[in-house]
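User: Please take a close look at the surroundings of the ligand in this structure. I am new to it, so spell out the terms as you go.

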Amino acid sequence: MHLTGAPLILASSSPRRKALLDMIGVVPDEIIPADIDETPLKGESPRDLALRLAQGKAQKIAQDRSKAFVLGSDTVVGCGRRILPKAEDEQTARDCLALLSGGSHRVYSGVALATPDGKLLARICETRVKLRRLDNAAIEEYIASGEWHGKAGGYAIQGLFAKHVISIIGSHPNVVGLPVYETWNLLDGAGWRKP
Ligand SMILES: Cc1cn([C@H]2C[C@H](O)[C@@H](COP(=O)(O)OP(=O)(O)OP(=O)(O)O)O2)c(=O)[nH]c1=O
């Protein structure tokens, strides 16, 4: 099958993923968010969840768009075997920050590419993040910013929260939502070419 010229669809509602793709010169032809159930399976590890959901998002859109490349991704914050939720309310964000305060945790992003010749390729990327201890005042200051909303683990490293990050080991864009190195390798290896 001839893959050159096949369109690229980003299966994501995240403006950060679009911006990270732009950063490496990849402009999707279309953006179609994939609405899938993101509930972890019983006993599922954070890594397995990120990979499964990235694959699920790519597959869901590829069902109807089999002649395109479809890129899906998912970011999960893990503290040991524990999977932290995406913070949709203040209390969830507070609980996440209290748990992560003063320690190291891991952020996993899965990236999956469905190809026009029917393959589903996937990669997982892991970044370790070490945080300073956050007292109540620091947590409440961050809660008031609202930047935690919709973010896995209740924080966004690409904003105000950066001042609490002592160090990271691994990829920074992976924490923001898209591991650009792995993403580019998938696209390039699968034969996607810039139009
Ligand atoms: C840890 C962390 C997460 N996040 C974001 C990345 C993801 O957008 C979000 C995790 O939710 P995801 O389910 O991965 O993505 P999403 O719901 O935003 O978009 P879609 O499912 O449509 O692709 O948390 C940051 O922006 N910065 C961070 O530091």
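Analyst: The largest share of the shell around the ligand comes from E3, with four residues. Strands (E, at least two residues) and helices (H or I, at least four) are DSSP runs, numbered from the N terminus. This is a predicted model, in which local features need pLDDT of at least 70, side-chain atom pairs count only at pLDDT 80 or more, and totals for chains, interfaces and linings use all residues. Residues are numbered from 1 along each chain as its sequence is written.

In total, 23 residues surround the ligand, the closest being Ser12, Ser13, Ser14, Ile157 and Gly177. A residue is near the ligand if its C-beta atom, placed from the backbone, lies within 6 Å of it. Strand E3 (69–79) and helix H5 (172–176) are the elements that give two or more residues to this shell.

Strand E3 also holds Asp74, where an unreviewed UniProt entry places the feature "active site"; such annotations may be inferred rather than shown by experiment. Asp74 counts as buried because it has 27 C-beta neighbours inside 10 Å; the cut-off for buried is 20 or more other C-beta atoms within 10 Å, exposed means 12 or fewer, and partly exposed lies in between. Leaving out residues up to four places away in sequence, Asp74 touches Ala50, Leu53, Ala54, Lys57, Ser109 and Gly110, a contact being two C-beta atoms, placed from the backbone, within 7 Å.

E3 and H5 are also among the elements that cover the buried residues of H1. In helix H1 (residues 15–23), those buried residues are Arg17, Leu20 and Leu21.
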